[in-house]
Every structure is written in C-alpha cells, then in structure tokens.
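Thanks for making the time this morning. I would like to walk through one hairpin and then one domain interface, so please have the structure open as we go.

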Amino acid sequence: MTRYQHLANLLAERIEQGLYRHGEKLPSVRALSQEHGVSISTVQQAYQKLEDLQLITPQPRSGYFIAPRKAQPPVPAMSRPVQRPVDVTQWEQVLTLLDVRGDKTMAAFGGGSPDVSQPSLKPLWREMSRIVQHNTDDILNYDELAGRRDMREQIARLMLDGGTVTTADDIIITQGCHAALSIALFSVCKPGDIVAVESPSYYGTMQLLRGFNIKAIEIPTDSQTGISIEALELALEQWPIKGVILVPNCNNPLGFIMPDERKRAILALAQRHDLAIFEDDIYGELANDYPRPRTIKSWDIDGRVLLCSSFTKTIAPGLRVGWIAPGRYRDRVLHMKYATSGTTVPTTQMAVAAFIREGHYHRHVRRMRQIYQQNMETYTCWVRQYFPCGICVTRPQGGFLLWIELPEHVDMVCVGQQLARLKIQIAPGSLFSASGKYRNCLRLNCALPPTEPHQRVVAQLGEAIRVAIEWNNAR
C-alpha cells in the first residue's frame, strides 16, 4: 500500500469513528505533512482519495471539511432460513443471469467476474504466447489425469500460505472451481442425499446440488462470523446429512472471514458426526489482510476436508485452472474426474505455473487486494449516498462482492427485471437460496472499476429501489 493510501485509510477510519464531526475543518495540508512525516503531494493525494469517496469536501481558500453523510448502514442480521431439506429451485433465474454474459452493452453488476484489465497480467499473456509457439507437443497431447506436475507443485506451495501442508501428489487439477466442487460432491454424495449449506449461499453451488438431485438444508449464517455451528449441530441430530459446503474465507456473497476458533469448532463437529466438508477457498487469496486467512483444511488430520479452489477470481476465469485437495477421497475423486471430464488442458496450466514460479502471481494478487479494497470503499459510499435509508450492507473482509439487504417488501426480482430494460444486470438475493428466500436482497460485483458511468448505474439502482419502496407504501 502506498503512503497516500495508508494516510487516506487512516483518516477515513477516524472519520468513520466520529473523531471528526460533520462540517469540521481538517488539518491543513502542510500541518498533516509535518504530523505524519510525508510530503505535501502525499497529503494532497490522500485528500483527493477522501474527496473521491465523498468523505470530505474542499472549500476554496479555506481547506477541507468533513462532508455531510448518511449514517453507516448496519450489517445484515443472522439469516433465518427454514431448516429442513429442500430441492433447489431458481434455475431459470440463474440461466437468465448467465445468458447476458455475451452482451457487452450490459452493466454486469450481477456476475462474479474479476478485473482482468490490470497490467500485472501482461507477463501471463506473454507466457501463454511463448508456450503456444515453443511447446507444440505438450499442448496438443493428453495431460496427466491428475494434471501437470509442475502446476500441482506450484499450487502446493501456494497452499502453505493458508496453513495447508500438502504435496503435488495430494492435488488434482480441474477445469475451474465449479468443476472441482462438482467432482468433489459426486465423489461423496449420491442422488437423494442431504447436504448442509450456508444461507445465503453461492447460486452456482446451489445448482450443482440441483443437477445431482441432492437436497439442501440451509443453515442460519451470520454476515460477520459465518455459519451457525449450533444450528448445524441441531440439524445433524435431526437429518442424515452427508456433508457441508462452506466458503469460510471472503465468503460469497457475504464477504466474511470465519474466525479460526469457529473453523476448528466446525471441523471438530464434522469429526464427531463423520461429516465431509467441501471447502470452497476460491476467494481466500483476496483477503484484505496479509498473511491470508487459514483454511479449514489446514487443521484436517483425517482427510475429511475436500478443499476446492481455482485461479478464476485471482487471475482470470478463462484460464479454467482449478484444483481439489481431496484428502481421504483421492481415489474416488480421481475416478470421478476421469468419468466426468477426463484430462485437463495443458496450455493454461503451463502458463499459470510459470506465472507463479517467476513471482508474477504474488505481485498481481497484492495489487488486486488493494484495488478491490479501494473499490469496495467507493461502492459502499455510493450505496450509502444513493440508496434509501433502512438498508443493511455487509462489511466484506476481502474479495469484491457486496451484499445489500433492503426492506422486506422490496422485491429485487421484479426490480431486476425493470433494470434489465435499462441494460443494468443485478443478482437478486433469491438466487442465493435453495428455496428462493432473500428476494429483498441483492449482490453487487465491485470488481467493476468505479468509473463515472458505473456511479450513474448505482444511482439508477438506488432510484429504482426508492420507487419500489414508495409504490409498496402507497398500496
């Protein structure tokens, strides 16, 4: 983080904590420069950042003042899903969301795509070009069933950052994290089984369960600490649950990082009930703080955790390089991979392995952590500025997804249909529930650069929600 960003974050925290009151004048550029031992240009850049976030306003020949603001919205409360096994629904809505991916005129705030425009990715594109030109035999032939060894070795090194000690032989390459979860689920469960999930939970995972005819039981989940271990234990006593799917680090869609003591507690619960844990760690590398948070897998001593991840969110979705660390289920997972997809594509594996080995990956991820954290601050300020009062907004600890809860009578499915006519795509909260709950919620993708056109889109979204609230109040 640069000096001006560090100073801007420090001042923003003081403003959020109320150490500066509305309308109060901030220290002069020169005074702040002397106080923090930084250059005048650094202070000016920090003030410009705070101005962009609409935390302060400049007054000619008078200095900078704290801007008037709405109160910080509260975070969503613990979810309260119906705790019984249900068949997953919402496929038509998910299909509608996926269908607009090719529409370049759409402001795509509903998807989960990362920012792939950064210059820190250029070494990867050069590496791919070099591989295509000089490794014809490798890229045109079948890969090893488990995936290229050099790729698996690099992944094993990366997993050390999350506390997981493993080897290349313990890792199986897949075509993305979606394929990893699919193979993992099919290796452990059969049609008719019951799997516990966080609520809300990623819609792609929900549709995997639907495709395999596996029932989901939604467990209450806190927007800051994760799944309720007490509610999960109660469900385990009532139902023959085969496994639990968790996104404990930079959760999708709530953004929390589950505290370590809760990760250990859920692993202990799984051991008592002989439960498999499907751990989705696709956003773990994008935590705001470094070192990155530990995985549940890092405490796994009996191989019951199937850790799934990919480079989809940290690098680019088109690479289709994911993996499973399947523990005790390795033989079954390897067979399921062969049965469902066969071998994986060598080209992108070779490029990503070189990208990591030469140090480009860590530099890129460091850059993206900062960018997404700044984006999240900006979008949160826009939501607070343009959305009506009475909303709840998550405080993500990493990643680039923001979850917003609106008054109960607001139907974001209907609002989303109206916005689609304006070429604005959102993800209504009902997609993130097996039974279609959370119609009054939405998820926003904050990986989109916070440009002026995107600010106008957030303003349009806020206006559409305000009209929906007024229409319901008038009924």
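Let me begin with terms: two strands count as paired if DSSP finds at least two bridges between them, and strands (E, at least two residues) and helices (H or I, at least four) are DSSP runs numbered from the N terminus. What we have is a predicted model, in which local features need pLDDT of at least 70 and side-chain atom pairs count only at pLDDT 80 or more, while totals for chains, interfaces and linings use all residues. Residues are numbered from 1 along each chain as its sequence is written, and side-chain values use heavy atoms, with hydrogens and water left out.

Strand S1 (residues 56–59) runs antiparallel to strand S2 (residues 63–66), and four bridges join them; Thr-57, for instance, has Phe-65 in S2 as its bridge partner. Three residues lie between the strands of this hairpin, and Arg-61 in the turn has a positive phi of about 65 degrees.

Turning to the domains, whose bounds come from an automatic or database assignment, the chain is divided into domain 1 (3–66), domain 2 (91–117 + 363–474) and domain 3 (122–361). Their contact, meaning heavy atoms within 4.5 Å, takes 29 residues from domain 2 and 36 residues from domain 3.

How many residue pairs are in polar contact across the interface of domain 2 and domain 3? The rule, which asks for N or O atoms within 3.5 Å, one able to donate a hydrogen and the other to accept it, with sequence neighbours counting only if both atoms are side-chain atoms, finds 19 such pairs, both residues at pLDDT 80 or more. On the side of domain 2 that touches domain 3, H14 gives the most, with seven residues.
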